[in-house]
Amino acid sequence: MSQPKARVLFVDDDANLLDSMRRQFVGEYEVHSAQNAAEALEILAPGPPFTVLVSDLRMPGMDGIQFLAQAAELYPDTVRILLTGFADLNNAVEAVNQGFIFRFLSKPCPPEALDKALAEAVRQHGLVEAQRENYSLKRFKRLLEGIVDGFSALVEARDPYLAGHQSRVAALTLAMARKLKFSADDLEILRIAALLHDIGKIYVPADFLNRPGVLRDEEFSVIKMHPEVGYGILKNLGEDWPVAIIIRQHHERMDGSGYPHGLSGADIDKGARLIAVADVVDAMCSHRPYRPSLGIEAALAEIEKGCGVRYEERAVEVCLRLFREEGFQFPTVENPF
Ligand SMILES: [Fe+2]
C-alpha cells in the first residue's frame, strides 16, 4: 500500500504567490491554500491533521504568528513554517524561540529553499509520529503485562499449591529459550503462554485442586481438560500470538503419551516443548496436596529419564545445564494478594 501524500496548507494574502506555491507542490503533496488566518483555521479545524503549515507573517486580521500558535494548540504535531520579510526578522526569531515554528523563510523565497524546507518539515513530522507511536506501544505493552500478571494471579488464587508456579515456569522457560536462541518475538509469546499456561484450571472445581487424597478417574479427566479450556479462553488472540496453541499443548509429550490430543514430535509447538519440561521440574519441586516437594534432584532425574522420549532432548539438556552448571534458581514469587 502506498503512503498517503503529506497534507500541506499554504496561507498567504498574496493570491499570486499562493497560486505559484500550489502549482509547485501539487504533484508531491496534498496541497490546500487559504488567503487569511480565519479561512485557514476553518480548513484546519475539522481535521484530519495537516503534516505542514506554511504561513505568511503579515496578513490582514490575525497575523501568521498568532495563527500558527492557535494551530499548534489544535494540532501540536503539525510542523509549522513561517514566511517573513526581512523587516520582521525579530518577530520570526521570537516565534521560533516560543516553539511555534519549525523554520522561518525570508521572502521572496526561492522555490528550491521552500522545497527543501518542506521536505525537512515532512521528515520532522514523521519523526514526531514515530516517537508518539513508540510511546503508545510501550504503554500498551505495560497494559498487556499488567493484564497477563493479573490473570496469572487469578488462576493461582484458587489453588494455594499453584501459587507462583506459572511465574517460576515462565522464568525457567525463558532462560531455556534464550539459551536456545529463540527470537525476541518468540520469547514474548512464550512469556505470556508460560504465565497463563494453567489458566484453564479456572474451570476445575477448587475442591479437586486442593484435595489431599488420590483423585477419582472422572475427577482427573476434568483436570485434564484444562489445556483445552485454556486454549478456548485465549484462542481469539489470533495467529500472530500462538499463545493459545502453546497452552493447549503444554501437557503433550514427544512420544505421544501426553494429553489432550496425544500429539508427538514435531507436531508439538517448540515453545510448548520447553514449557512441558519447566512445568514438570517446578511441579516436582513444589509441595502438592497429596505429597511434599520431591526436590530439584528428583525433578532433574525425572526429565533426564524421559529425555528424548517424553521430553524434547534439547530442552532437557539446556534445562539440566542451567541447574547443574549455571546455578539457575527459581525466583521467589511474592503473593500479590
Ligand atoms: Fe498444566
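The following exercises, each with a worked solution, concern the strands and helices of a predicted model.

**Exercise 1.** Determine which strands stand at the edges of the sheet, and what this leaves on one side of each.

*Solution.* Begin with the strand order: the open sheet is formed by five strands arranged 2-1-3-4-5, with parallel pairing. Next, consider the edges: strand 2 (30–34) and strand 5 (103–106) each have a single partner strand, so one side of each lacks a neighbour in the sheet. From one strand to the next, the twist averages 20°.

**Exercise 2.** Describe how strand 3 and strand 4 pair, and identify the bridge partner of Ser-55.

*Solution.* Strand 3 (residues 52–56) pairs with strand 4 (residues 79–84) in the parallel sense, over five bridges. Within this pairing, Ser-55 has Leu-82 of strand 4 as its bridge partner. Helix 3 (residues 64–74) packs on the sheet and touches strand 1, strand 3 and strand 4. The direction of helix 3 makes about 160° with that of strand 3.

**Exercise 3.** Classify the arrangement of helix 6 and helix 7, and describe their contact.

*Solution.* Two packed helices are described by the angle and the distance between their axes. First, the axes of helix 6 (residues 165–179) and helix 7 (residues 184–195) come within 8 Å and cross at roughly 155°. Second, an angle over 145 degrees counts as roughly antiparallel, and helix 6 is therefore roughly antiparallel to helix 7. Third, the crossing is right-handed. Finally, the contact includes Val-169 and Leu-174 of helix 6 and Leu-187 and Leu-190 of helix 7. The contact residues divide into eight nonpolar, three polar and three charged.

Terms used. Residues numbered from 1 in each chain as written. Predicted model: local features only at pLDDT ≥ 70, side-chain atom pairs only at ≥ 80, totals over all residues. Pairing = 2+ DSSP bridges. Helix = DSSP H or I, 4+ residues; strand = E, 2+ residues; numbered from the N terminus. Axes fitted to C-alpha atoms, helices over the stretch in contact; angles between N-to-C directions. Contact = placed C-beta atoms within 7 Å. Parallel < 35°, antiparallel > 145°, perpendicular 65-115°, else oblique. Left-handed = near helix turned anticlockwise from the far one by under 90°. Nonpolar A, V, L, I, M, F, W, Y, C, P; charged D, E, K, R; others polar.
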